[in-house]
Amino acid sequence: MAGVTGRLVRGWCPRAVRSSLQVPAQLHMSKTAMGASQKDFESAMNQVKLLEKDPGNEVKLKLYALYKQATEGPCSTPKPGVFDLINKAKWDAWNALGNLPKETARQNYVDLVSGLSSSSDSSSQVKPEADREQAGYETLVMTSEDGITKIMLNRPTKMNALTTQMYQEIMLALEAASKDDSTITVLTGNGSYFSSGNDLTNFTHISPDEIEEKARRGAILLRDFVGCFIDFPKPLVAAVNGPAVGISVTILRLFDLVYASDRATFHTPFSHLGQTPEGCSSYTFPKLMGPGKAAEMLIFGKKLTAAEACAQGLVTEVFPDSTFQKEVWTRLKAYSKLPRNALRISKQMIRNHEKEKLHATNAEESRILQERWLSDECMNAIMNFLSRKAKM
Ligand SMILES: CCCCCC/C=C/C(=O)SCCNC(=O)CCNC(=O)[C@H](O)C(C)(C)COP(=O)(O)OP(=O)(O)OC[C@H]1O[C@@H](n2cnc3c(N)ncnc32)[C@H](O)[C@@H]1OP(=O)(O)O
């Protein structure tokens, strides 16, 4: 990429992006979930032209790829020659999206532009929380070495709370990791938390007439996000470096290994938030730990220590915080040298027994949450958190 940087800055933008379409009044709110309309998409294309800051070549390539995928579907054009650097970079970015549905690509495009717009609007935001230079992700750091692809949640000052953009980027990162030549994929968090779960500001700045549509899109986003974990084809490991809350706890059961620091805790305060379980936990948790222990966590919001979570089978192994990184990565490096295809096939054999059930549970949980998000109980709990009147 380094050699094509200057030219890409000038030449990345698809023709349609330059078309003169009506500019929306404001695109500050992230358009959550799949299902962006053609109008949203066109508005986003126009918004790109108004960005004050150059978003960098990686982001531009991602926008280009999403645009092509959204408008033409999977890449089927011949791969440009090795010396055609710019077109090859574009082709690679588009091709990496594989069979991502047009609808999803369109929404990802809209969300990516929305994130770029709001970050360039925020004058106080001197430096983004994520390192933009790394692989084009704004909220994640994705690295690959020694046969291991690491996806690190990177909003440490917000305890790695998951924004709409972050859900989208995690899906993109998983899609890329599923296709790269690594053996193992690892999800971890930067800073003191693994993740504090759904970013509760995802529910704010919504006008009353938008609420239902927002909830509908939220449910689709949730279903697609969890679906990526259900279908992930390679061994997937969670390196839980600190406390985990909400959806960052429930999805753990969809990982093959969960290694936790002894500083980690596991908390699912759904009822406190007027919400209900997701991440397939309404099925996986009772199956794993029995209905009583699952009820304590999912209904009554009991927080587990790492040792308790390990005793319930949610965590595979607990490590002292002081040696967590060293021990986990040493272990994973050794595992990553095992025959790649055998690992992959074994993982899929285990998962295939319950894939259908997991997808059905995921769809049902998402449908129920869509209703919950419209409830007074949920709205009040979120407003309480945001006004700091009450914290879990
Ligand atoms: C459409 C998407 C699908 C949704 C799926 C459904 C998912 C459900 C869930 O995940 S439910 C769980 C939601 N999470 C929470 O309820 C956690 C809320 N946060 C907290 O309770 C606390 O912040 C804490 C216990 C995680 C940490 O407390 P503390 O150590 O005292 O730190 P701060 O509270 O000061 O946090 C620092 C900074 O981060 C912001 N922040 C942390 N977590 C979240 C969050 N989940 N949403 C939004 N913001 C969060 C916090 O506001 C502080 O910001 P500030 O410095 O004040 O700007």
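Begin by selecting R216, which is partly exposed at 33% relative accessibility; in this tour, buried means under 20% relative accessible area, exposed over 50%, and partly exposed in between (1.4 Å probe, protein chains only). The model is predicted, so local features need pLDDT of at least 70 and side-chain atom pairs count only at pLDDT 80 or more, whereas totals for chains, interfaces and linings use all residues. Residues are numbered from 1 along each chain as its sequence is written, and side-chain values use heavy atoms, with hydrogens and water left out.

**Charged pairs in helices**

Add E213 to the selection: E213 and R216 form a salt bridge, with their closest N and O atoms 3.0 Å apart. A salt bridge here is a side-chain nitrogen of Lys or Arg within 4 Å of a carboxyl oxygen of Asp or Glu. Both residues belong to helix α7 (residues 211–231), where a spacing of 3 residues separates them by about one helical turn. Helices (H or I, at least four residues) and strands (E, at least two) are DSSP runs, numbered from the N terminus. E213 is also partly exposed, at 30% relative accessibility. Extend the selection to D40 and R217, which are linked with E213 and R216 in a network of salt bridges. The structure holds 21 salt bridges.

Move next to helix α3 (residues 57–72), which contains E72 and K68, 4 residues apart, about one turn of the helix. Their side chains meet in a salt bridge of 2.8 Å, N to O. Which of the two is buried, and which partly exposed? K68 is buried, with a relative accessible area of 15%, while E72 is partly exposed, with 46%.

**The hairpin and its link to helix α12**

Select strand β1 (residues 140–145) and strand β2 (residues 148–153), an antiparallel pair over 6 bridges; strands count as paired if DSSP finds at least two bridges between them. Within this pair, T143 stands opposite K150 in β2. The hairpin has 2 residues between the strands, and D146 takes a positive phi near 55 degrees.

Keep D146 and add K333: the two side chains meet in a salt bridge (3.8 Å, N to O). This pair links distant parts of the chain, with K333 in helix α12 (residues 324–335) and D146 in the loop between β1 and β2, 187 residues apart. Both are partly exposed, K333 with a relative accessible area of 36% and D146 at 43%.

**The three-stranded sheet**

Now display the open sheet of 3 strands, whose order is β5-β7-β8 with mixed pairing. β5 (244–245) and β8 (304–305) stand at the edges with a single partner strand each, so one side of each has no neighbour in the sheet. β5 runs parallel to β7 (residues 265–267), joined by 2 bridges. Here A244 has F266 as its bridge partner in β7.

**The nonpolar cores**

Retain F266 and select Y109, V226, F229, V240, L252 and F255: of the 86 residues in the largest nonpolar core, these seven touch the most other members. A nonpolar core is a set of buried Ala, Val, Leu, Ile, Met, Phe, Trp, Tyr and Cys residues joined through side-chain atoms within 4.5 Å. Domain 1 (38–115) and domain 2 (140–390) both contribute residues, so this core lies between them; the bounds come from an automatic or database domain assignment.

Centre the view on V240. Leaving aside neighbours within four places in sequence, V240 is in contact (heavy atoms within 4.5 Å) with residues including F194, L252, V258, F266 and F324. Finish at another core, apart from the largest one, of 11 residues, among them I148, V237, W329 and L332.
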